[in-house]
Amino acid sequence: MSGDARSRTLVPPAPHAPAAPERARTRILFAVLGALTVAAVVAFLVVDAQGSWDFVLAFRGRKLLALVLVAFAIAVSTVLFQTVTENRILTPSILGFDSLFVLIQTCLVFALGTAGLSALPPLVSFAGEVLLMVVLSTALFRWLFGGARRSLHLLILVGIVFGVLFRSVSALIQRLIDPNEFAVLQDRLFATFTSVPPDLLGISAAIIAATCVLLWRDRRSLDVLGLGRDMAIALGVDHRRLVLRLLVIVSLLVSVSTALVGPVTFFGLLVASLAHQLTGSHRHAVLLPAAVLLAVLALVGGQTVLEHVLDMGTVLSVLIEFLGGIVFLLLVMRGARR
Amino acid sequence: MIEVTAARKEYGTLRVVDDVDLRLPIGGVTSIIGPNGAGKSTLVSLISRLTLLDAGTITVHGLDVSRAPSRELARRLSVLRQENHLTARLSVRDLVAFGRYPHSAGRLTVEDERHIAEALAYLDLTELGDRFLDELSGGQRQRAFVAMVLCQDTDYVLLDEPLNNLDLSHAVDMMRLLRRAADELGKAVVLVIHDINFASAYSDHIVAMKNGRVVLQGTPEEVIAPEPLRRVFDLDVQVHELDGRRIAVYYD
């Protein structure tokens, strides 16, 4: 740039100083969240433990790992999805993506039969389901968000319709299959936060470790993507590629969480909204870890309190959906008023 | 040099940009004028690769906008659209800092900090640096976005209706500023503008579009005249010379 030298003399170089109070606030927030999460994890492992420690820790450790993986998958997939779609209300599960995964699982049992399915190693059948999920959900997303910009309310409606459609088709197929096979299927579908298929834990952990690496490399492009499609392109982000990569990651994470505990509609919205509120940051290097910590805290802490203090281990998902649903309604009403 | 060759964009059967050929030299202020629906904004989107071409080619410094790496293009050409709605809550400084992304991929160097401070000062925003965008007036917010685009430090700056929603004094400030950016910083400023008198007073070059085509182009003296303006707007316009400027009067 030829005339730059002239403008250079207009102001003295500014010292390298990003807003210090904001950074201090973020540090305090992470310290508090981290401490609470560690406390919840320790409490989950040791409260009310009776009998052999080896057994208790191994047993609860596996449950803990499942809860952490689900928390990570739901929190990260929701924050990413909201960044890609440039809104703070829609989540993959509100648009029916996790019902789609249930439908895929059901169709596979229907097509192959439990005999055929159990002949396959669990890893292979899971990989097949995930692959189908990635392809179908990317196609669904492209169709919803690819063309003209649609109104938020239309998208919510479409999501509700799709969710109902996928669930109804699943229910129909489930009625068509042999009752014995249905029992097997039900085992896979109606997992709760406390009973998780152990063979899926390893592969889920591997998928999540891989997404961590990918996202850490993309964290700054994600911030730019948060400015919206046009500005991201103008600033040199390869928008198509990045969005496709993120959608694949979101589909993988939705598959993981749905395979582990079944569909959870509003939990993602709850933790993503809280993360945005608490951090007040646009930086994904802050937002994503905050959302994950909040999700782990809610699941592990909630499970500990309900299971050991209130003796009501199974109602956690109900409680979370209740709170998340209220947040959803508030956001929709606030959005409508604007 | 931006070279547009036989550029075409269709929406359904409607050709919004219809085989446009155009060369925009580096430096100076170029205004694109024309009636609503003439394809001005679409042309700007095509040049800045925000919209994909259906046919033809566009090159910026020899880089084909449909094929060249996006980041490479972002170091030569910046663009500001008409409406910039942000979901994220950003401070003015955060927004301007994003202008450095094509150069440093988000990891700000001392050099980047200098560019940010300069851009803020250039738009008189230094005091407002830590304020959030949603706390600013429309004019201040528009200046913050222009600061971001200048901070990107590109040879070409494309602006789609930068005067939209600005009152008279802010509009004059904005045009003065763009003129200064062209004269002092050597940038080629290309803007879509509706007010032909602003175009007349501040441009080196005016491009007039109608029905997806460039119908004429030239200096303000050549374009701001009754006959050419009638061709563009289908309207009888009187043109007066005032203090060496050509002013169009289009009121009955």
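This briefing describes the folds of two chains, the contact between them and a few residues with unusual backbone angles. The structure is a predicted model. Chain A contains 13 helices and zero strands, while chain B is divided into domain 1 (2-76 + 154-249) and domain 2 (85-153). The largest nonpolar core has 157 residues, and the chains touch through 34 residues from chain B and 31 residues from chain A.

**Chain A**

- From the N terminus on, the elements of chain A run α-α-α-α-α-α-α-α-α-α-α-α-α, in keeping with its 13 helices and zero strands.
- Chain A has 338 residues, of which 38% count as buried.
- Among the contacts in chain A with a separation of 6 or more, 80% are accounted for by residues 24 or more positions apart.
- Helix H3 (residues 53-85) and helix H10 (residues 239-261) of chain A pack at an angle of about 145°, with their axes 9 Å apart, and the crossing of H3(A) and H10(A) is left-handed.
- On the H3(A) side of this packing, the residues include Ala66(A), Leu69(A), Val70(A), Ala73(A) and Phe81(A), and the residues of H10(A) that are met include Val243(A), Leu246(A), Leu247(A), Val250(A) and Leu253(A).

**The largest nonpolar core**

- Within this core of 157 residues, those with the most contacts inside it are Ala75(A), Ala291(A), Leu294(A), Ala295(A), Val96(B) and Ala147(B).
- Helix H3 of chain A gives the most to this core, with 15 residues.
- Domain 1 and domain 2 of chain B both give residues to this core, so the core lies between them.
- Leaving aside its neighbours within four places in sequence, Leu294(A) is in contact with Leu33(A), Ala75(A), Val271(A), Leu274(A) and Ala275(A).

**The domains of chain B**

- The C-alpha centres of domain 1 and domain 2 of chain B lie 25 Å apart, and 11 residues of domain 1 are in contact with 11 residues of domain 2.
- On the side of domain 1 of chain B that touches domain 2, H2 and H7 of chain B each supply at least two residues, and H7(B) gives the most, with three residues.

**The contact between the chains**

- The contact takes 34 residues from chain B and 31 residues from chain A.
- On the side of chain B that touches chain A, the elements that give two or more residues are helix H2 (70-74), E6, H3, helix H4 (101-104), H5 and H7 of chain B.
- The largest share of that side of chain B, seven residues, comes from H5(B).

**Helices H5 and H6 of chain B**

- Helix H5 (residues 110-122) of chain B has 13 residues and reaches 18 Å from its first C-alpha to its last, close to the 18 Å expected at 1.5 Å a residue.
- Buried residues in H5(B) are Asp112(B), His115(B), Ile116(B), Ala117(B), Glu118(B), Ala119(B), Leu120(B) and Tyr122(B).
- The 14 residues of helix H6 (residues 138-151) of chain B should span 20 Å at 1.5 Å a residue, which agrees with end C-alpha atoms that are 20 Å apart.
- H6(B) is mostly covered, with 10 of its 14 residues buried; among them are Gln142(B), Arg143(B), Phe145(B), Ala147(B), Met148(B) and Cys151(B).
- The buried residues of H6(B) pack against strand E6 (77-80), helix H3 (92-98), H5, strand E7 (156-160) and helix H7 (168-185) of chain B.

**Residues with a positive phi**

- Most residues other than glycine have a negative phi, and the residues below are exceptions with a positive phi.
- Asp124(B), just after H5(B), takes a positive phi of about 60°, and Asp153(B), just after H6(B), takes a positive phi of about 55°.
- Glu86(A) has a positive phi of about 55° although it is not a glycine, and Glu86(A) lies in the loop between H3 and helix H4 (97-119) of chain A.
- Glu86(A) counts as partly exposed because it has 19 C-beta neighbours inside 10 Å, where 20 or more would make a residue buried.
- Glu161(B), which is not a glycine either, has a positive phi of about 50° and is placed in the loop between E7 and H7 of chain B.
- Glu161(B) counts as buried because it has 20 C-beta neighbours inside 10 Å.

Terms used. Residues are numbered from 1 along each chain as its sequence is written. Chains are lettered from A and ligands numbered from 1 in the order in which they are written. This is a predicted model: local features need pLDDT of at least 70, side-chain atom pairs count only at pLDDT 80 or more; totals for chains, interfaces and linings use all residues. A nonpolar core is a set of buried Ala, Val, Leu, Ile, Met, Phe, Trp, Tyr and Cys residues joined through C-beta atoms within 7 Å. A residue is buried if 20 or more other C-beta atoms lie within 10 Å of its own, exposed if 12 or fewer, and partly exposed in between; C-beta atoms are placed from the backbone. Helices (H or I, at least four residues) and strands (E, at least two) are DSSP runs, numbered from the N terminus. Domain bounds come from an automatic or database domain assignment. Two residues are in contact if their C-beta atoms, placed from the backbone, lie within 7 Å. The expected span of a helix is 1.5 Å times one less than its number of residues. Axes are lines fitted to C-alpha atoms, for helices over the stretch in contact, and angles run from 0 to 180 degrees between N-to-C directions. A crossing is left-handed if the near helix is turned anticlockwise from the far one by less than a right angle, and right-handed if clockwise.
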